[in-house]
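Hi,

Here is the structure I promised to pass on. Please have a look at it first, and then read my notes below on how the chains sit together.

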There are 2 protein chains.
Amino acid sequence: MDDVDLSDIQAAADRIRGHAVRTPLLNAPTLDAAFGRRIYVKAECLQRTGSFKFRGAFNALSQIEGDVVAFSSGNHAQGVAHAAQLLGKRAVIVMPTDAPAVKVANTRGYGAEVVLYDRDRESREEIGAQLMEERGLTLVRPYDEPLVIAGQGTCGLEIAEDLPEDVDEVIVCCGGGGLTAGVALALEGRARVHPAEPAGFDDVARSLAAGARQTNNARSGSICDAILTESPGAITFPILKRLCGAGLVVTDEEALRAMALAWQHLRIVLEPGGAAALAAGLFHHAGDVAVVASGGNVDAQVFSDALSRV
Amino acid sequence: MDDVDLSDIQAAADRIRGHAVRTPLLNAPTLDAAFGRRIYVKAECLQRTGSFKFRGAFNALSQIEGDVVAFSSGNHAQGVAHAAQLLGKRAVIVMPTDAPAVKVANTRGYGAEVVLYDRDRESREEIGAQLMEERGLTLVRPYDEPLVIAGQGTCGLEIAEDLPEDVDEVIVCCGGGGLTAGVALALEGRARVHPAEPAGFDDVARSLAAGARQTNNARSGSICDAILTESPGAITFPILKRLCGAGLVVTDEEALRAMALAWQHLRIVLEPGGAAALAAGLFHHAGDVAVVASGGNVDAQVFSDALSRV
């Protein structure tokens, strides 16, 4: 039995309604024509804070009493910060001192308190533990947390509402597996879900093939920064194992090409990690498919680089 | 009495349901914070064919018997072509031989027949008249057509559904006035609508100020190509005059800055003419506002130019 079920996702959908964006499932006839099949794109880059992370963060925070803390320099930080802002909570986000200034500024812009730590000399876990004890904060994990998985699953419920009945393959950008597990649960019996990961960080694909959690050797080296995690989660992996088809792996170049095609045909802005599922759907899949375009928080320089591929 | 009323728009909404994208009304807390007020953006760049034009085209074609012809090298051409494709009609689009190859290719990609004419030696009206007579085609005008105005008005009905009750100013990108008139009718009594135009092509703003239709001297010279028209329409202008507030005028530089801000904060792709209302809302308006981001069909080079302003 999974730690999350469909009723948890339905409850999350009720909680986020009116707070999260009901994102469209886009389809471009010109893109379909270029690839000779139908491609549906769930535009989660249009979600509040620019990624699906807001769904899980809002669902979790709505059920947590008091204030919260999170470790993240990325999309989870912004999702938690903004959800806390809307729910009248204080959020403390622990970020490394070398995090990009724009991410620190954005997180503060959503009203969160940012606590910086030195990666080389300090432990973020110790800092977090101290904050939790001194200030009574609750830790919000980015994916290995049932309320977060249920929140991300609401994306899958919306896909089910919008997807043509004869399309039953869905690809999801996958880091720790929170979004993929939630979407797979929401679509159980309706569509087969495949995780998409960057080459060199295909821990989920290898874990699914091996039947047990595997770890990546590399810690950096892909532009798909939003979905670089060490291994699938202890809670997410059993769900992925039970429900998902084989993992798909994309190169950075394919992610950039998918960003360019999304810009051209769908008029949405994707970050590399948010384009991994589209890249997998276009370049490593045959037949009709839906993909989740999970986020759009990207630097202008990286985006211009992608645009040069149009 | 106007040539279009709310019941026409409601009928159009019933016809386009399931065919047009129900586009989201986006809001970015980071953009609001930067400008110190609330800014809502109706993302019509996500509409089928990349602009609101699909709404009016689909509504008109669904009520026209037989095949159709249109004069356009832009968003109207693509809207008519794709609407015809979905409705099982033949569309003939008359375009100048010097139209960009990508626009000709896109229009053909939506299944339309493209008839090219030489701007210097041929009259598109004569070519169109001949096609209508020989092949029994019906002309679909881009804005001075009640069914088209009613179709564009569906965008206004959706804004009314999503806009917070205490926001009552709406800005719309305005060429011939089809979208602006439709949205103004849909929002009558709910919000005040202002047209936004490029500097040098402010025929609607001047017409509203004068109380009678004015004409632009220039025929080119702004990057906002989607909304460069000679004068407001004979059908649209009385509606605009009765319902709209003062017209707002933006520079090309402001349109490019608005494109960059939309990219950064909303993760949507706008063309210059599609960003005019956002530019007006940001740089020529005070207080909370909703704007229609009307289209996103833009060249990579122009978009990269906008991105350099981030």
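Chain A can be laid on chain B by a rotation of 180°, with 0.0 Å of shift along the axis and an RMSD of 0.0 Å. The two copies are therefore related as by a two-fold rotation axis. If you want to find that axis on screen, go to I268(A): within chain A, its C-alpha is the nearest to the axis, at 2.3 Å. Do keep in mind that this is a predicted model.

Now to the contact itself. Chain A puts 28 residues into it and chain B puts in 29. Of the interface residues of chain A, 100% are interface residues in chain B as well, so the copies meet through the same surface.

About 2300 Å² is buried between chain A and chain B, and carbon and sulfur atoms account for 65% of that area. What holds for charged pairs and polar pairs? Zero salt bridges are found across the interface of chain A and chain B, while six residue pairs are in polar contact there, both residues being at pLDDT 80 or more.

Which elements of chain A are involved? Those giving two or more residues to the side that touches chain B are β1 (25-27), α2 (29-35), α11 (252-266) and α13 (300-307). Of these, α13(A) gives the most, with four residues. Sorted by class, this side of chain A has 16 nonpolar, nine polar and three charged residues.

Happy to talk it through whenever suits you.

Best wishes

Definitions and conventions: Residues numbered from 1 in each chain as written. Chains lettered and ligands numbered in written order. Predicted model: local features only at pLDDT ≥ 70, side-chain atom pairs only at ≥ 80, totals over all residues. Heavy atoms only, no water. Least-squares fit on C-alpha atoms with pLDDT ≥ 70 in both. Contact = heavy atoms within 4.5 Å. Buried area = accessible area lost by both parts, 1.4 Å probe. Salt bridge = Lys/Arg side-chain N within 4 Å of Asp/Glu carboxyl O. Polar contact = N/O pair within 3.5 Å; in protein donor to acceptor, adjacent residues only side chain to side chain. Nonpolar A, V, L, I, M, F, W, Y, C, P; charged D, E, K, R; others polar.
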